[in-house]
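Q: I would like to learn how to read a few features of a protein model, one at a time. Please give the idea in each case and then apply it.

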Amino acid sequence: MTVQDIRSFNRFYTNVIGALDYGRRLYAPYTLTESRVLYELAHAPRTDAADLRAQLHLDAGYLTRILNKFEEDGLVERGPSETDPRRRSVTLTGSGREAAALLDERARQSVGEMLDTVRAEDRPRLAEAMRTVRTILGESRAPRPEDVVLREPAPGDLGWIVQRNAALYAAEYGWNADYEGLVARIVADYAEDHDPRLERTWIAELDGRPVGCVMCVRDDAPGAARLRLLLVEPDARGLGTGDRLVGTLVGFARDAGYREVVLWTNDVLAAARRIYRRHGFVLVAEKPHHSFGRDLVGQDWRLDLHATPGGRRGVAGGSAG
């Protein structure tokens, strides 16, 4: 392989995805870089300009001009960082979230139309070729937090949630098939009947494969959302994946009009409990029980959305529903 081979492929692929005229391709007034900034802000609702610049490897002046444009258009708000007064936080407004959602929808449609031209029998080869390129060109470095993206479930992802919950908790905590049955019921109920305005599932993806998940569903208590099935694969821990999943869920619950988020977990899930505390959840009750083949201590946690204006960032973890 020569340098010319790679440059030729790059020209081919940028033409395929319309990178040179991205805004017109998606019928939107944004360049590819501007669209990527919107995407990152939508999937990490509370960040600051320095983190955003590092994640996207953008020139500071270029990013400032993009954010100035977004602020003039009413898409973002900037203010002092909660963790470092020397930094500026960047948050999408309601209009910004709508713009990001529209771009995401149009991008999905564009990619879907491209995939429609690929024969079903060729799709596994295409997926494997893409994984090969990412593995070979990315093998010299460890995964970074920005390599993990959050997305909606694709076909097969709900089944993955059941399978990985069962396998991971059996391997790490010795839980039996009763837990798999519980997860299967939770996922089946969501799949059969959920309101996308009030309920949502997120999949964390790394290198084209799912590595985490969390689910937001309506609780029986009026005005309450319930966090369920937070999970992060071992090789995606330490990248802030669990924190991003919980922070995204909390932001969604707040925007959807919930007054609180509740969850049930077990005291052995220490990493998950640290994440909940960082996001303002408070332990309200605990009770010993024998479930999933083990003696456990169940815990109820609660987050008052009216009392917590924003999430907190930190390391990743895993949890049961």
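The dialogue below takes salt bridges, a helix crossing, a surface patch, backbone angles and a distance in turn.

Q: What kind of model is this?

A: The model is predicted, and side-chain atom pairs count only at pLDDT 80 or more.

Q: How many salt bridges does a search of the whole structure find?

A: The working cut-off is a side-chain nitrogen of Lys or Arg within 4 Å of a carboxyl oxygen of Asp or Glu. In this structure the search finds 21 salt bridges.

Q: Which side chain does Asp255 meet in a salt bridge?

A: Asp255 pairs with Arg97, at 3.3 Å from N to O. This pair links distant parts of the chain: Asp255 belongs to helix H10 (residues 241-255) and Arg97 to helix H6, with their positions 158 residues apart in the numbering. Asp255 is partly exposed, at 47% relative accessibility. Arg97 is also partly exposed, at 36%.

Q: Which residues are linked in a network of salt bridges?

A: The network links Arg119, Glu121, Asp122 and Arg125. Within this network, Glu121 bridges to Arg119, where the closest N and O atoms are 3.6 Å apart. Arg125 and Asp122 also meet, at 3.2 Å from N to O.

Q: Is Asp122 buried or exposed, and what about Arg125?

A: Buried means under 20% relative accessible area, and exposed means over 50%. Asp122 has 18%, so this residue is buried. Arg125 has 59% and is therefore exposed. Arg119 is exposed as well, with 51%.

Q: How should I read the packing of H3 and H6, and what is the angle between them?

A: A packing is read from the angle and the distance between the two axes. Helix H3 (residues 32-43) packs against H6 at about 115°, and the axes are 9 Å apart. Angles from 65 to 115 degrees count as roughly perpendicular, so H3 and H6 fall in that class. The crossing of the two helices is left-handed.

Q: Which residues form the nonpolar patch on the surface?

A: A patch is a joined group of accessible side chains, here nonpolar ones. The patch consists of Val111, Met114, Leu115, Leu126 and Met130, and together they have about 380 Å² of accessible area. Helix H6 (94-116) and helix H7 (123-138) each give two or more residues to the patch. H6 provides the largest share, three residues.

Q: Where does Leu115 lie?

A: Leu115 lies in helix H6. With a relative accessible area of 32%, Leu115 is partly exposed.

Q: Why look at the sign of phi?

A: Most residues other than glycine have a negative phi, so a positive value is worth noting. Asp207 is one such case, with a phi of about 55°. Asp207 sits in the loop between strand S5 (200-206) and strand S6 (209-218). Phe292 also has a positive phi, near 55°. Phe292 is found in the loop between strand S9 (282-291) and strand S10 (294-304).

Q: Is Phe292 buried or exposed?

A: Phe292 is buried, since its relative accessible area is 8%. Asp207, at 35%, is partly exposed.

Q: What distance separates the C-alpha atoms of Ala188 and Gly79?

A: Separation along the chain and separation in space are read as two quantities. The C-alpha atoms of Ala188 and Gly79 are 42 Å apart, and the two residues are 109 residues apart along the chain. Ala188 is in helix H9 (residues 177-192) and counts as partly exposed at 30% relative accessibility.

How values were computed: Residues are numbered from 1 along each chain as its sequence is written. This is a predicted model: local features need pLDDT of at least 70, side-chain atom pairs count only at pLDDT 80 or more; totals for chains, interfaces and linings use all residues. Side-chain values use heavy atoms; hydrogens and water are left out. Patches are made of residues with over 30% relative accessible area and no salt bridge: like charges are joined within 9 Å, nonpolar side chains (Val, Leu, Ile, Met, Phe, Trp, Tyr) within 5 Å. Accessible areas come from the Shrake-Rupley method with a 1.4 Å probe; for residues, only the protein chains shown count as cover. Helices (H or I, at least four residues) and strands (E, at least two) are DSSP runs, numbered from the N terminus. Buried means under 20% relative accessible area, exposed over 50%, partly exposed in between (1.4 Å probe, protein chains only). Axes are lines fitted to C-alpha atoms, for helices over the stretch in contact, and angles run from 0 to 180 degrees between N-to-C directions. Angles under 35 degrees count as roughly parallel, over 145 as roughly antiparallel, 65 to 115 as roughly perpendicular and the rest as oblique. A crossing is left-handed if the near helix is turned anticlockwise from the far one by less than a right angle, and right-handed if clockwise.
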